[in-house]
Amino acid sequence: MSRIELDGVRVAVTLEDQPDRQVLKGVTAVLTEQRVAVIGANGSGKSTLLRLLNGLVAPTDGTVTVDELDTVRDGRTVRQRVGFVFTDPLSQLVMPTGREDVELSLRRRHRNRADRVAAAQAVLDRFALGPLADQSVYELSGGERQLMALAAVLAADPDVLVLDEPSTLLDLRNRELLRRTLAGLPQQVVYSTHDLELALDAERALVVDDGAIAFDGAPAEAVDFYRALCAAPSEAT
Ligand SMILES: Nc1ncnc2c1ncn2[C@@H]1O[C@H](COP(=O)(O)OP(=O)(O)OP(=O)(O)O)[C@@H](O)[C@H]1O
């Protein structure tokens, strides 16, 4: 399993009315479990936390390492090892069709075209996406695109898979397919989700609240903590 370390990570952004808006306020955690879920309210900082893991977001202060590789200094290598599945599949699917996208992901593993084509077909079959593989990605439904984006990232066989709200667009059957797929993956998987059932599948769950890790532990307790947090009157009211 990989070892992900966040050490004193602060992420600040500059907004017109807030020159030093704190999106993450000093996050420290070592993630070694195979499946880690990140839950929390809208805007709490979950996506930002996940984006740190493959260098899509750089810490303003502190460091993030994956197997001792620094996500900023060794960003290119980290991105080869850490696959990232975006919430919006269209920010990810860069080729006209799903098959081409999956084949693109496989170019590093299979230099030979025939091997690449066969491997792409195997990945597409795993998600029952073969019949949709040659359609324009713009003609696919949101859920089909989401599965296609996951297939394309998995094709590259990353050591760590990071998924930002992977089940948002999926119907019940495809959500179950996603759950089975994540449960069966040999690599480390870190995902954010508003789907609390999906969160319960993890071995460890982080609850993010207002840019900080408010709870870190067993998923069932994390879900209880999050429910209590949501039930508590907000400070703003
Ligand atoms: N680059 C940025 N510039 C300005 N604000 C940002 C930036 N990145 C994140 N934020 C703000 O930081 C907060 C946390 O954003 P983030 O996307 O991490 O939240 P989230 O927990 O994933 O939310 P959701 O559940 O709605 O997807 C939000 O208020 C967001 O608007």
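A residue counts as near a molecule if its C-beta atom, placed from the backbone, lies within 6 Å of it. The views below show a predicted model.

**View 1. Residues around the ligand.** Which residues are around the ligand? Start with Val 13, Leu 15 and Val 23. Then come Gly 40, Asn 42, Gly 43, Ser 44 and Gly 45. Lys 46, Ser 47 and Thr 48 complete the list. By class, this shell has three nonpolar, seven polar and one charged residues. Helix α1, residues 46-52, gives the most to the shell, with three residues.

**View 2. The hairpin of β9 and β10.** Strand β9 covers residues 204-209, and strand β10 covers residues 212-217. The two strands pair in the antiparallel sense. Five bridges join them. Asp 209 stands opposite Ala 212 in β10. Two residues lie between the strands of this hairpin. In the hairpin, Asp 210 takes a positive phi near 50°.

**View 3. Helix α3 packs with helix α5.** Helix α3 spans residues 98-105, and helix α5 spans residues 142-155. How are the two helices arranged? They pack at an angle of about 20°, with their axes 7 Å apart. Angles under 35 degrees count as roughly parallel. Therefore α3 and α5 are roughly parallel to each other. Their crossing is right-handed.

**View 4. The contact of α3 with α5.** From α3, the contact is made by Gly 98, Asp 101, Val 102 and Ser 105. From α5 come Met 148, Ala 151, Ala 152, Val 153 and Ala 155. By class, the contact has six nonpolar, two polar and one charged residues.

Notes: Residues numbered from 1 in each chain as written. Predicted model: local features only at pLDDT ≥ 70, side-chain atom pairs only at ≥ 80, totals over all residues. Pairing = 2+ DSSP bridges. Helix = DSSP H or I, 4+ residues; strand = E, 2+ residues; numbered from the N terminus. Nonpolar A, V, L, I, M, F, W, Y, C, P; charged D, E, K, R; others polar. Axes fitted to C-alpha atoms, helices over the stretch in contact; angles between N-to-C directions. Parallel < 35°, antiparallel > 145°, perpendicular 65-115°, else oblique. Left-handed = near helix turned anticlockwise from the far one by under 90°. Contact = placed C-beta atoms within 7 Å.
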